[in-house]
Amino acid sequence: MSVIGSIAARPLRFRPHLSGIWMLAVAGAAMACLPLGYLLVRAAEADADAWSRVLSDGTLRLLLNTAALAAAVTAASAALALPIAYLTERTDLPFARWWRSATIMPLAIPSYVGAFAFIIALGPNGSLQSLLAPLGVQSIPEIYGFFGAWLTLTLFTFPYLLLVIRAGLRDLDPAIEESARSLGQTAWGAFWRVTVPQLRVPLAAGSLLVALYVISDFGAVSMMQFDTFTRAIYIRFGSAFDRSSVAVLCLVLVALVFVVLAIDWSQRRNARYHRVGSGTARAPRLIGLRRLRWPALIGLALVTSIALVVPVAVLFHWLSVGLQSGETFPGVWSAALNSVYASALAGGVTVAVSVPIAIVVVRRPGMLSRLVDRAAYVGYALPGVVVAFALIFFSLRAVPGLYQTIAVLIFAYAVLFLPQAISGLRSSLVRVQPGIEEASRALNRNSWQTFFSVTLPLIAPGVLAGFALVFLTTMKELPATLLLAPIEFDTLATNLWGHQEDVFFARAAASGLLLLVCAALPMIILFGNDRGLRT
């Protein structure tokens, strides 16, 4: 019997300096909980007046606005993502591979870039009104407010649901649908009665991502002038530096986030995550669209045009206007370098912090490792504006020398995006046979030598995916960067934000286009090698 085979035959005891790994994992989880813990401390110090000022009718209105927007965007995203996923995965849709790529590309466009483009295109005195003016149309409906925020966030968050549903469809045994059709169900009847119920878990997971994104969004709702918690917190902090009331308001928003998480947990508590029966893995039989082919193509073209073509076209238009007028776009290249630098640094730090957490979660399952895993996700559940304010309060009181330094900014990024790196590492680590690592240990290599020479090369795809995902989300992050970046450390996100506030649309467009270009590479790394793509 081979060395690996003999080791695999007995209980596995992979222990890479467990005391050190555990210490690093607990430290990483504690780092993720620091902003929430400090907010609790600050809120406990608030007096009754601060609590009464926050817990007023205005706060109830913010709560209703935020909850209504999250519910509306989640429902609309599901209504878009479910048919798009089915059309591109289970039907004979023409150019299905191209549509699969095009429909996830809105992920590369930050919501505030989309909001900026829609305001220019569809707002008062915008491009659409200019086109309709010769026809006698003097005004068009306002895009500001709930409708504008809903439209923008739906178009740039539905790909989160789309990716999860698409993965669920690929894992679903096609024999289930075929059995339903053999019993007299039509293709669409089998879809609604059999397939959709089987996708309940992916739908819930994707809906949670969308809802959390909407609750934490700052840029789109601010540009659309719709009052939600994130916008109100930012305005209150800027108008009156009342730390206690801001901390209390942040905690109310955190409470809303945990209510959403509790609802999701209750819905998925009794869900089944495994297949009943053998479930032979094979490609499904594609369903012919026939007369629905053209309506499907038109619908996909419409969604893709609004979510991709309109923002890119608006940005290119204003870039060309700026070039024709002699605009020099000051600071845009330094902002691009700062964005790449901060995103790369955040990606490296976050992946490094996630490694010990992933190891203890996968290799040492138990109550403590589950606690570490859950604690690491606390920061991801917090909106960026909440994490930023917590770190502002903490750094000013505990380590004032670090206030408005790159270290605090990278710390915030790591707290916000740590689970993204953990997910990539964990998915790769579970596929590594522990017997291989035990074999390395049997050849007199210590735990760290085994990790770097054996484990790390095997989990490299997960490391790269985690780094790319953190890089992408860091590049798009706005509120934490606005509040925590060092003085004169402009990124593309803050550069665009400042120029649109000053109505320098050409300069904002240049920053927006560079931001999309920088986001394209991690998108290619994450989704370019999709094994489920078919021509």
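## Meet Leu-469

At 27% relative accessibility, Leu-469 counts as partly exposed, because that class covers values between the 20% limit for buried and the 50% limit for exposed. Keep in mind as you look around that this is a predicted model.

Where does Leu-469 lie? Its home is helix H23, which spans residues 460-476. Leaving aside residues up to four places away in sequence, Leu-469 touches Gln-420 and Leu-526. You can also find Ile-525 from here: 56 residues separate it from Leu-469 along the chain, yet the C-alpha atoms of the two are 9.0 Å apart.

## Two helices that cross

Now turn to helix H6 (residues 111-122) and helix H8 (residues 146-171), which pack with their axes 9 Å apart and at an angle of about 135°. That angle makes H6 oblique to H8. The crossing of H6 past H8 is right-handed.

Which residues make the contact? H6 brings Ser-111, Gly-114, Ala-115 and Phe-118, while H8 brings Thr-152, Leu-153, Leu-155 and Phe-156. Sorted by type, the residues of this contact are five nonpolar and three polar, with no charged ones.

## How confident is the prediction?

Across the protein, pLDDT averages 81, and 82% of the residues score at least 70. Among the elements, helix H12 (residues 219-223) has the highest mean pLDDT, 93, and helix H1 (residues 3-8) the lowest, 43.

Two stretches call for a second look. Over residues 273-280, pLDDT stays under 50, and the model has eight contacts for them beyond four places in sequence. Residues 531-535 also stay under 50, with 15 such contacts in the model.

Key
Residues are numbered from 1 along each chain as its sequence is written. This is a predicted model: local features need pLDDT of at least 70, side-chain atom pairs count only at pLDDT 80 or more; totals for chains, interfaces and linings use all residues. Side-chain values use heavy atoms; hydrogens and water are left out. Axes are lines fitted to C-alpha atoms, for helices over the stretch in contact, and angles run from 0 to 180 degrees between N-to-C directions. Helices (H or I, at least four residues) and strands (E, at least two) are DSSP runs, numbered from the N terminus. Angles under 35 degrees count as roughly parallel, over 145 as roughly antiparallel, 65 to 115 as roughly perpendicular and the rest as oblique. A crossing is left-handed if the near helix is turned anticlockwise from the far one by less than a right angle, and right-handed if clockwise. Contact means heavy atoms within 4.5 Å. Ala, Val, Leu, Ile, Met, Phe, Trp, Tyr, Cys and Pro count as nonpolar, Asp, Glu, Lys and Arg as charged, and the others, Gly among them, as polar. Buried means under 20% relative accessible area, exposed over 50%, partly exposed in between (1.4 Å probe, protein chains only). pLDDT is the predictor's confidence in each residue, from 0 to 100.
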